[in-house]
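Okay, thanks for coming, everyone. I'll put the structure up and then talk through a few backbone details.

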Amino acid sequence: MNHSAESPNFRSIFSLSNATRFVQIAESLGVFALLMIVVIGASIIAPGFFTYTNLTNTLIAASITAVTGLGMTFAIAMGGFDLSVGSVQVLTAIVVADLLSAIDPPLAILGALLTGLAVGLVNGVLISKLRLPAFVVTFGMMSIVRGVALLITQGQSVMITKHVEFGLLNNGKILGLPVPFIIMTMVFLALSVLLKHSPFGRHACAIGGNRAAATVSGINIDRTTIAVFGLVGVTAAISGVMLSSQLMIVDATLGTGFELQAITVSVLGGTSLSGGHGNLVGTVFAALLLATIASALNILKVISFYQYLALGVLLIFALAIDTGRRAFIAKSLAARPG
Amino acid sequence: MGIDQTSLPILSLTGISKQFPGVKALDDVEFTLLAGEVHALMGENGAGKSTLINIISGLLQPTAGKIRLRGQDVVFAGAAHAQKAGISTITQEFNLVPQLTVAENIFLGRELTGRLGLLNWREIKRHAAEVLNELGLDVPLGQRVSYLSVGDRQLVEIAKALSLEFRIITMDEPTAALNAAEVARLFDIIEKLKRRGIAVLYVSHRLREIFRIADRVTVLRDGKRVATRRINELSEDDVVALMLGRALKKEATVYQKVPVSEKAALSVNNLNVPGCLTDISFDLRVGEVMGCAGLVGSGRYELTRALFGLQQISGGTVKVNGQPMLPTAPSTAMRHSIYMLPEERKVEGVFPDLTVRENLLISAKRLFHRLSEMLINANEEEKQYQEMRTSLDIRAANSGQRIVKLSGGNQQKVMLGRALMSNSRILLLNEPTRGVDIGTRVEIHATIRKLAQNGYAIIVSSSDIPELVSVSDRCLVLSAGRTKGLLDRAQISEDNITALAIGQEISGDNE
């Protein structure tokens, strides 16, 4: 797990005196355990859940959410979040679909990623240079980007007819694994390295943990903020490209509520909204959990409206756990001998 | 005023032990607190002081032992419970709401209301004024707490405890952030509390204070109580010996200073910071430790902040090794080899979520993998960490431990290490030994002197005047934002520094 990267000494990980480290592990295990319970439960009560096709679809859906969730984890670790990812996802899905009618897939994908990057960078610049709260900027951007997506499509659907091989990004298999899952794994690995082994990741956590200390330590807060929101924009764009290749026909109404999913998987995975650290493994597990629940509800023919209820309940549940955990850590810190 | 023989123990702890996984923080400790006494609790970092206080204030439950309050057995379920039982704990982190006024804070949670259930401002103000008068405080009632100095906030907290009729007040390092005048005022108030029969449990690393106000002292070492004595039976050396378990090797309190070079590492000329500093000029020479003294509000902290690019400069010049520079941001200052240790470790120093190693190396020149400029070389970092750990004697279980698990003294060493790892030759050290024990204090002072010998140029800005006397080659004294004096080696003394800091002139015997 990612914790082995943090500390090569397994004994220290499991030493009980290291209560907070223990909590961090327990957090990932907790989501993992919950995931297992839900998977087993779904397999029993929802016939057709534990089939190759359904599992593949669930994995694909989870991967799309996870990619943005992973980027969101950086923003949350830095003490912020990004509400514009749903709009960015749909805009980039439309951009790639539009571009495919004119240019080759690699360039079209690049165009989508650059679009996501641009929106993210604008978010970051507004937040850092104008000292606006991330909530306000990304909330506004959510509406702006959605508006742009509607304007581009004039409210119409965009169908991908040229370069249908683009669909392989969704249907393709590498070593028997769905391509979306491979993409998500690659994003996960890259971001894990970035979070734990690069100055960038460390600075993001430092800013989230103690902004004043970050300033005094000479960390360039503006630059880190801009980079983090740029990163979130790119991950939202990757999710957009994945969505486009999954549906092959997109319109500007897609991706509503996606920001909520991304934040939920991040927090449910153990990344505290108070900032300071990020748990990427947990994010992936939580995305799988979310997709499993959605899939089971679908099979059980529960009206999709209920999925919104489930998502909201999960987010509040995750926040409650987060609060409880913070209280526990505060207590174990007060217990520090001396 | 002492304790008379008839004083009853208001609080007594018997056989208190506290076991944490892997460490016994308290081992069979006896402790009694009498009404109307000031009882000092002494011990090195890690001796168990905080654990004992946390048990008394209900934050922790003992593994074994009994707590009796006014003769009744009690088990505190939590901090709220202890508070209800009349125990107030005043720590560095205040339980005040900064956005509310003094009066509102004093009555927070039990607001006086009128007929319609609305706040009765007149009554609130009258009662608050009463409490403050009793303490002889002149804090404006309508002032928002966020505008108050640390000293005033502390007094508001005491006022709150008084208005709640608390009988026991524990104070954990109450003077750490206070200037001399505020300390004197606090001690006056503690005297008043005593006269009202309130028991004060007082924790401080400052020996001199203990001898000034305590009636009895309990010394802890390695979780065990080594002694409880009346203070007048002991000398300062006795207390230190009890704390350390051996006599402290008498350090030459004032370090042997070596001649410094004439080369100025940092020249400051007519520096102005709006609202804080006016026309400050000095040369900090290579190999020199320059003390910087001044009361809260003297601009002492703002001076180091301005030089580190955290405070806007409106006029004057700053030169580093003869090269002019304008400190606009910490990164600019660091490029010019300047690094600042912040005043408040908790507020501006520690990254609570990061490990000891990450905290130590956050400002370090990046150690990159050969393969990629983006990644950190963990092995190289570990090596650097181990070096610094050895040279500063940082006591941590391992480099991956979260920094908040360390004792305050060790955290402070990590902060000092961070400054050393920043690759800067000009260090602006604010309160380098705040909240650390005597042993660590001596070590940190020795380190500062050694750095100077090795060609660093250092400013030590401190409210701890004996510290300035001990380590400084020269001492700049600020008063109300202006240079009140620049004492040379022969002139540096506690009396001279104090006199200048409070705005008096010193007798010109040297000039």
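**A few loops and a helix**

Let's start in chain B: B:Arg70 sits in the loop that links strand S4 (64–69) to strand S5 (72–74). Keep in mind that this is a predicted model. Phi of B:Arg70 is positive, near 50°, and this residue isn't a glycine. For context, most residues other than glycine have a negative phi. So is B:Arg70 buried or exposed? Neither, quite: it has 14 C-beta neighbours inside 10 Å, so it counts as partly exposed.

Over in chain A, we have A:Met248, another non-glycine with a positive phi, about 60° this time. You'll find A:Met248 in the loop between helix H12 (221–247) and strand S4 (249–250) of chain A. It counts as partly exposed because it has 16 C-beta neighbours inside 10 Å.

Now, on to helix H7 of chain A, residues 134–153. At 1.5 Å a residue, its 20 residues should span 28 Å, and the end C-alpha atoms are indeed 28 Å apart, so the two agree. Which residues of H7(A) are buried? Those are A:Ala134, A:Val137, A:Thr138, A:Met141, A:Val145, A:Arg146 and A:Ala149. They cover an arc of only 160° around the axis, so they're on the same side of H7(A). And what do they pack against? Helix H5 (85–100) and helix H6 (105–129), both of chain A. Flip to the face turned away from the buried side of H7(A), and you get the exposed residues A:Ser143 and A:Leu151.

One last thing: just after H7(A) comes A:Gln154, with a positive phi of about 50°.

Notes: Residues are numbered from 1 along each chain as its sequence is written. Chains are lettered from A and ligands numbered from 1 in the order in which they are written. This is a predicted model: local features need pLDDT of at least 70, side-chain atom pairs count only at pLDDT 80 or more; totals for chains, interfaces and linings use all residues. Helices (H or I, at least four residues) and strands (E, at least two) are DSSP runs, numbered from the N terminus. The expected span of a helix is 1.5 Å times one less than its number of residues. A residue is buried if 20 or more other C-beta atoms lie within 10 Å of its own, exposed if 12 or fewer, and partly exposed in between; C-beta atoms are placed from the backbone. The arc is that of the directions from the helix axis to the C-beta atoms. Two residues are in contact if their C-beta atoms, placed from the backbone, lie within 7 Å.
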